[in-house]
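User: Could you take a close look at one part of this structure for me? I would like to follow one sheet and the helices around it, and then a charged residue elsewhere.

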Amino acid sequence: MSLNPLLAGRSVTVQVPATSANLGPGFDTLGLALALYDQLEVSVRDAPGASVEVHGVGEGEVPTDESNLVVRAVAHTFAHYGVELPGLNLVANNVIPHGRGMGSSGAAIVSGIMAAKGLLEGIVEIDSEALLALATEMEGHPDNVAPALFGGLTIAWTTPEGPRHKRLNVHRGVSPLVFVPEHAMSTALARSLQPESVPHEDAVFNVSRSALLIAALIQSPELLLAATEDKLHQSYRAAAMPETNRLITMLREQGFAAVVSGAGPSVLVLANDPGQRLVAAELVAAQSETPWQALMLAVDFSGATVAPTAVRVDA
């Protein structure tokens, strides 16, 4: 590999949305992009190595050198295409909560891959299929990185040739609400609680609910409560997230389509209109003993974006 002179002086800005995976029954398959964004600026420098400046979530906590996940994603992409990694300066402005089931690690990976795509423009062309493959290699599964990359509602699956996705637009009435707790949850721990096999009737139950959920999200939001029932993963993780389980139970008993967001511990409510989520937020504020931050978010339809960094002109 040799350093490409075309990289000199290049700088890009990346924006990546938060995501919520599983959505109840769609375990490791369904994901939704949410209008809450991490932003990243990456510029090529003369000196080798990488430096990372972090503002917002993760400031003072995440690595600020080559071990940073975003840097590793940039490096992974460059290595895949046989291009030598230049020296890099990164400035990350993070708002997606870490360890809360809102796709923060997927967003970091997608940020790095999209930054690499932008830096390599005109040198290597990276299509959507390659972006998903690169992100899935690092994340391990495509359910979070697919909506982060492409926006909207995504169905993700794997084939012998690699991961694939289908993006769908969400009904305008669907109004996401995420309740974020103060404590984090390890995705690895959550996954370790899953059994290796489930009863046949539970599998059939989730197949029916997953199919119904697609219809509810794109056409019939009034079916969201029934469509978000699950028997594959949430009950097995409940003991590790008692506050999450209590909140979901309370909300569903009141008619709200509440599910674990990703691996948790956040709770996603898929309201069928904006007014319903206001009622849900008021209910939680009045009745929950655990403090929850209520994030009323729109569905993101754009996914990750990358563009040359605008040149700042001093007044």
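Analyst: Happy to; the sheet comes first, then its helices, and finally the charged residue. This is a predicted model, in which local features need pLDDT of at least 70 and side-chain atom pairs count only at pLDDT 80 or more, while totals for chains, interfaces and linings use all residues. Residues are numbered from 1 along each chain as its sequence is written, and side-chain values use heavy atoms, with hydrogens and water left out.

The sheet is open and has four strands in the order β8-β9-β7-β10, with antiparallel pairing. Helices (H or I, at least four residues) and strands (E, at least two) are DSSP runs numbered from the N terminus, and two strands pair if DSSP finds at least two bridges between them. β8 (258-260) and β10 (292-296) are at the edges with a single partner strand each, so one side of each has no neighbour in the sheet. From one strand to the next, the twist averages 25°; axes here are lines fitted to C-alpha atoms, for helices over the stretch in contact, and angles run from 0 to 180 degrees between N-to-C directions.

At the β8 edge, three bridges join β8 to the antiparallel strand β9 (residues 267-271), and V259 stands opposite L268 in β9.

Now the helices. Helix α9 (residues 242-253) lies across β7 (175-181), β8, β9 and β10, at about 160° to β8. Helix α10 (residues 274-287) also packs on the sheet, where it touches β7, β9 and β10, and its direction makes about 20° with that of β7. Contact means heavy atoms within 4.5 Å.

L251 is a good residue to follow here: it lies in helix α9 and counts as buried because its relative accessibility is 0%. Buried means under 20% relative accessible area, with a 1.4 Å probe and protein chains only. Leaving out residues up to four places away in sequence, L251 touches F179, F256, A258, V267, V269, A280, L283 and V284. L251 and V269 are 18 residues apart in sequence, with their C-alpha atoms 8.5 Å apart.

Finally, the charged residue: D230 is in the loop between α7 (224-227) and α8 (234-237). D230 is buried yet has no salt bridge, and R237, the nearest side chain of opposite charge, is 8.3 Å away. Lys and Arg count as positive and Asp and Glu as negative, with His and the chain ends not counted; a salt bridge needs a side-chain nitrogen of Lys or Arg within 4 Å of a carboxyl oxygen of Asp or Glu. The D230 side chain does make a polar contact with the side chain of N206 at 2.9 Å, and reaches the backbone nitrogen of Q234 at 3.0 Å. A polar contact is a pair of N or O atoms within 3.5 Å; within protein, one must be able to donate a hydrogen and the other to accept it, and residues adjacent in sequence count only if both atoms are side-chain atoms.

Terms used:
Buried < 20%, exposed > 50% of the residue type's maximum accessible area, 1.4 Å probe, protein only.
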